[in-house]
Amino acid sequence: MGILRRVFRRKNKKQIPRTDGFLYRDLLKNITNIKADFEQNDDLIVNSFKWSDNQDTICASLYIKTLVNTETINSLSEEISILKMKENKSRQALPLDVLRAHFSGVRTLKEGDRYIDLYADLLSGNTVFLLHGSSQYLSIPTESTEGRSVEEPSSQTVIRGPKEGFTENINQNIMLVRKRIKSNALSLESLSLGNLTRTDVGLMYIKNIAKDSMVREIQGRIKRIETDSILEGAYIEEWIKDDRYSIFPTFLSSEKPDSVAAALLEGKVAIFTDGTPYVLTAPALMVEFFHSSEDYYHHYIIATMMRILRFFAFFLTLLIPSFYIAIATFHQEILPTPLLISIAAQREGVPFPTFLEALIMENTFEILREAGIRMPRAIGPAISIVGALVLGQAAVDAGIISNVIVIIVSITAISSFAIPNYEMSNAVRTTRFAFMVLAGVTGLYGVFIGIIILTLHLCKLKSIGVPYLTPIAPWIKDGNVDTFFRFPFWAMKNRPFGLHGDDKRRIGGEYPVRKNKKGNQEFR
Amino acid sequence: MKAKAIIPVLLMMLFCTGCWSSREINTLAITICLGIDKTDEGYLITKQVLNPTALAMQKGSDEDPVVLFVQKGENLFSALRKIATESSRKMYNSHVRVVVLGENLAREGIKDILDFFMREHEFRTDFYYVIAKGTTANEVLGILTPLESVPGVKLYLSLENSERYWGITSAINSIFLVQSILADGINPVLPGIEIISKAGYSEMENSNDAKRLQYTGMGVFQEDKLIGWLSEDEAKGYHYIIGDVGNYVEQVYYNGKDQIVCEVRDSQSKMIASCKDDKPSVCVKIKTSLNIAAVEGVLDITKQENRKILKELLEKRIKLLCEKVQKKAQQELHSDIFGFGEAIHRREPKLWKKLKDSWDTEYVKLPVHYDITVEIKQAGQISKPMFLKEGED
């Protein structure tokens, strides 16, 4: 790892702009320097104009054509020409002051005197004004906000509940969450990461609900990231993960503003990354990867049932193939006789050992799944037909594969999709192969060794210092109202998981339906 | 550092266990049923092994669903192992459902073979023992069965069924059998199976298939030797006495012509031993509840007095069954299959110490009393007999 980091650092140094200093008073010199730094950028536009007809004051406006919104630029130039007309009459103030006075009222205005800041502004789509005789610059946001509009999330579809999804625009994403939590306690800290990409990263939390020390820890870790590029939240996740070798995700990525808002209200910290519709929340606990935002929008009994079903599916997808391999090759005696008879009848004539057979079929499924994701939409159905008919039916008919293994693979596949979080589902699917190997080598004995190792690993894992299996291990007394069960809202008195800061209570009053002497109020 | 030290230890542990040889299912010859006969040289083993190829076919195949392997040997183990010389697959014994013992073998004693079944790790202890009545185990295993394509499974299931619904057999596994051989004051029984051929069957099938297997009565053992057979009625009585009764059918005649058929719902028994002047006696308390299944005739069972009569008739009937089997066991077979000795042992341990050695002679003259209560629970979906006219009685 150290070597990698060193390589990165060396590369970064090369990329740092030549003019690392302050602006000069000489406009021409400044412009030449900037042009030299942006040597191969044909979309850098430099317009110089005279401020007033009589004076020699030369101004320059700079922007990058491809980053700005043409309409904003047009309106800006109109405003400036009006200002110029006014100036022609009064001829008193310095042009920079005039601009400052005019724009600070209506636009976010930035000033600076360093090249590096100027470049950052220029590259985030601002228009920069330079004035001869001044080492200051003014920048006015003119960036183009074009991008996808808010759409339904593609990876986390729900039946009930909001269907808005995040987009690639960080500001829009922050807006979507802010819209849901209208409180001044909702705090946002902006950072920019990546020496080259300068990606905007937003750190959001609710004061008092999020533990202060936890926020500081995340902040510190993110600030210590030294890399040239952050293109997706996953980059950040990989940089600041507690256990960098673990396959299990310790950051919950979500495409839905309502889940992020819910996480914030539980005392988590949300990490927004510009350019991706996925927002990370941390710390993330194992149980949360089996929760869906929909759990809170359905009746709590149904939601609980669904959750238990998902945990069941987790064990199925993790263990079914390895259990089958172990039982069919090592422990035939634990099968009921009729089941053994039918398995024996099906396996008759199959040329492969059970382990190999399972491995072939599981891999075939993985290939199908992978191909199905990358395929152009139009070819997708063809893949599933080939998969289902050719590989499933024909292989069984030809006697190369037994029927049982097709059933096992199907159960595994379906169960793996019942895990709501894609990263968790990936982790489980990968772990499954390790279990299959253990089962193939030592039978159930190996499977249980594997289960012990997995449990130890999960106990050891931490997400931003919080044990991964919280609130089960360590057991948190009031934390289990929202793990396997989803208690009704009036019973979730405190914030779950015990991750909260000072603000512990979630509900204030009593159940609002009042009973009189006869029972509930009746109207008829 | 610590974690790194633990990894090799864990890896070493992986290879420190026994019993993890893997065997593919299609390399195993799954034995479902085992027959043992006594011959002059030793044992004759008949193994009924699954033929997965025949079972795999969705539609009928001309292959038989099971294959028989027959081998002789001086002892069970060598006979079983010798089968390897004629089988391409490894014999796999964990799924044996039924062990059929030839009558000859049972009469000579089964202690030695039980030792093998308890000792050998591959056999489970949940299979049942059956005696081939009047024939050899080899013949019994050679018969194919309807409905169940695997005869061994048929033997297993119909044994459980006939215990539950007809009451003439008991399903007895290794542990129970060994326990009742070892225990003082109780002797084992084992169900018997017969080959029958009925005229009615041969109409639809070829003559070979007309042979069927049927459970008939139970073999009574003295220690580990078969000494006689209980008939169907006697077997029923036996079950009433030991209180292990399923859904039996019981019928009585009223006035010699009206037949009333009942279904036993539940029957419990208690053996109470008592001692007077060092003379033991046993009182068997039986509590039975029945439903009325059919009334053939005109007895109006809705009337209380008729019910009373019916109750008395049923009590008499059960008592008759019990006394019959008790007499046969005491006077003819001299075998305490009911566990009266055990009942005395439990109630009067001091007396038992004296009786223990001479129990075989004491047992024959043991007085047994019955206290039978019958309860008629339901009369079924209709109350009176349908064809009973009003006013008639």
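Student: How many residues does each chain put into the contact?
Tutor: Chain A gives 21 residues and chain B gives 22 residues, where two residues are in contact if their C-beta atoms, placed from the backbone, lie within 7 Å. This is a predicted model, in which local features need pLDDT of at least 70, side-chain atom pairs count only at pLDDT 80 or more, and totals for chains, interfaces and linings use all residues. Residues are numbered from 1 along each chain as its sequence is written, with chains lettered from A and ligands numbered from 1 in the order in which they are written.

Student: Which helix gives the largest share on chain A's side?
Tutor: That's H11(A), with eight residues. Helices here are DSSP runs of H or I, at least four residues, and strands are runs of E, at least two, numbered from the N terminus.

Student: And how does that side divide into nonpolar, polar and charged?
Tutor: On chain A's side touching chain B there are 11 nonpolar, seven polar and three charged residues. Ala, Val, Leu, Ile, Met, Phe, Trp, Tyr, Cys and Pro count as nonpolar, Asp, Glu, Lys and Arg as charged, and the others, Gly among them, as polar.

Student: Switching topic, what domains is chain B divided into?
Tutor: Domain 1 (25-230) and domain 2 (235-393), with bounds from an automatic or database domain assignment. Their C-alpha centres lie 32 Å apart.

Student: How many residues are in contact between those two domains of chain B?
Tutor: 21 residues of domain 1 are in contact with 25 residues of domain 2.

Student: Which element gives the most on domain 1's side?
Tutor: S8(B), with five residues.
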